[in-house]
Amino acid sequence: MLLTLRVPRSRLCLGRQQHRRLLASTAPEEAKRQTTQHPLQLEINGNTYPTDSWTNVTPRILSHLGLNKHLQRDHPLSIIRQRIINYFYGAYRNQRGNPLFSVYDKLSPIVTVQQNFDNLLIPIDHVSRQKSDCYYVNREHLLRAHTTAHQVELISGGLDNFLVVGEVYRRDEIDSTHYPVFHQADAVRLVTKDKLFERNPGLELFEETWSGSLADPKRILPSSKCMDQTKQPCHTLEAVKLMEHEMKHVLVGLTKDLFGPRIKYRWVDTYFPFTQPSWELEIYFKDNWLEVLGCGIMRHEILQKAGVHQSIGYAFGVGLERLAMILFDIPDIRLFWSNDSGFLSQFSEQDLQNLPKYKPISHYPQCSNDLSFWLPANVEIDAGFSANDFYDLARTIAGDVVEQISLVDKFKHPKTGKTSLCFRIVYRHMERTLTQAEVNEIHKHIADASVEAFNVQIR
Ligand code: DAH
């Protein structure tokens, strides 16, 4: 669940039973064993964690660690990551013209309860801490439920403008828009009085009447939704208003950069334990208001905890799948975990500005055949032979049953000096299952035509 508990769950096409079946690729008894029994200790990324009564991570969930879909070349989540980063690089530059924000996208998702909750002032009794909502490694460690978990460690390390991107883990149902592992980007921007009030040097960040003393960080407030939305007691109204203005300006800019300048949006007051005041930004999409991000003025206790006393900050968090599903028209969140080349080959980070609409892939099975040949003497790839020519030839012969072709191997014979190439051709019919015999025949036609057209020698 989201920390706000506000997001309406849309369940599009599958009933509950069907979800179960889709989920359980493992046999039922094995799935049960994996979810209810644990070894005495867990070895994760080279570290050993003793298990206890809180342990509820399963091998299936742990198998997502390190997949790093947000860093996988040409993956839609990686494209969205880059769009967000590039936007921030452009929006904030230092005097030398370099980007102000630094990016952390490889932080370990195994965090402590302190990082994920305590540091962010999340009340002890808050539902988001429950075992039923998170994947706990043991009572002290869990798989981060949000990328916000890294705020304090990064600020303590001296950073004041940063983005964190990574996958997060939440126990939830699986449907077309929810999956227990998804990706978020979180950002923090801290500014000092001199910077914020550059043009109004008389103004202050903090109320004169505020003692400056640290609220006991152990005394985490109960979740009261009636927190004052105007400002925290320590801040001056001027400081909060200026920060709010800058933050909203930048986040609307990001939204317009992603969804186009005409996107309809609105700000909705909300509550997060770690910001005050807090907002959500919603966009109007397909006749609905859809939450795209949460943000706010950072609670000053968090900055103090990280050793920062003379700044005010804003922070926001955004889910990447949601953005990608809208921008690429991807109908099912499970597709982000697909290794199917029919899915992956539709996206490219060559042109980050023009995002293609996803074309549903056929559910008929793929068939993959390799084709290796020697180029004629003195001919090399891009010198006498172009891979694109081969792709066109294959397409001409086989038509749309060719879903993807990739050059998987290339080498030069040490004696003859000839170049050998191996192309992997993935075949898939959109309307029916292709037989291997049928594919072999098409494949042979492509081979013959290549000999004819390029004078190659099939290996
Ligand atoms: N962590 C929040 C979530 O997962 C999103 C969020 C809200 C992040 C406000 C922030 C923030 O950094 O300031 O729902």
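**Figure 1. Polar contacts of the ligand in the predicted model.** A polar side-chain atom of Gln184 is placed 3.0 Å from an oxygen atom of the ligand. The structure shown is a predicted model. The protein backbone also approaches the ligand: a polar backbone atom of Ala315 is 3.1 Å from a ligand oxygen atom. At Phe316, a backbone N or O atom lies 3.4 Å from an oxygen atom of the ligand. Taken alone, the ligand exposes 350 Å², of which the protein buries 96%.

**Figure 2. The shell of residues around the ligand.** The ligand is surrounded by 16 residues. The closest are His146, Thr148, Arg170, Gln184 and Asp186. Gln184 is also the residue whose polar side-chain atom lies 3.0 Å from a ligand oxygen atom. By residue class, the shell consists of seven nonpolar, seven polar and two charged residues.

**Figure 3. Strands that contribute to the ligand shell.** Three elements each give two or more residues to the shell around the ligand. These elements are β7, spanning residues 181–192, β10, spanning 288–298, and β11, spanning 311–319. The largest share comes from β11, which supplies three residues.

**Figure 4. Packing of helix α4 against helix α10.** Helix α4 comprises residues 76–91 and helix α10 comprises residues 320–328. Their axes are 9 Å apart and meet at an angle of about 100°. Because of this angle, α4 is roughly perpendicular to α10. On the α4 side, the contact is formed by Pro76, Leu77, Ile79, Ile80, Arg81 and Ile84. Facing these residues in α10 are Leu320, Glu321, Leu323, Ala324, Leu327 and Phe328. The contact of α4 with α10 contains 10 nonpolar residues, no polar residues and two charged residues.

**Figure 5. The backbone at Asp74, in the loop between α3 and α4.** Asp74 belongs to the loop that lies between α3, residues 59–62, and α4. Although Asp74 is not a glycine, its phi is positive, at about 70°. Helix α4, which follows this loop, is the helix that packs with α10.

**Figure 6. The cis peptide bond between Gln276 and Pro277.** Gln276 and Pro277 are joined by a cis peptide bond, with omega at about -5°. Pro277 is part of strand β9, which covers residues 275–285.

Note on methods
Residues numbered from 1 in each chain as written. Predicted model: local features only at pLDDT ≥ 70, side-chain atom pairs only at ≥ 80, totals over all residues. Heavy atoms only, no water. Near = heavy atom within 4 Å. Polar contact = N/O pair within 3.5 Å; in protein donor to acceptor, adjacent residues only side chain to side chain. Areas by Shrake-Rupley, 256 points an atom, 1.4 Å probe, with all protein chains shown as cover. Helix = DSSP H or I, 4+ residues; strand = E, 2+ residues; numbered from the N terminus. Nonpolar A, V, L, I, M, F, W, Y, C, P; charged D, E, K, R; others polar. Axes fitted to C-alpha atoms, helices over the stretch in contact; angles between N-to-C directions. Parallel < 35°, antiparallel > 145°, perpendicular 65-115°, else oblique. Contact = heavy atoms within 4.5 Å.
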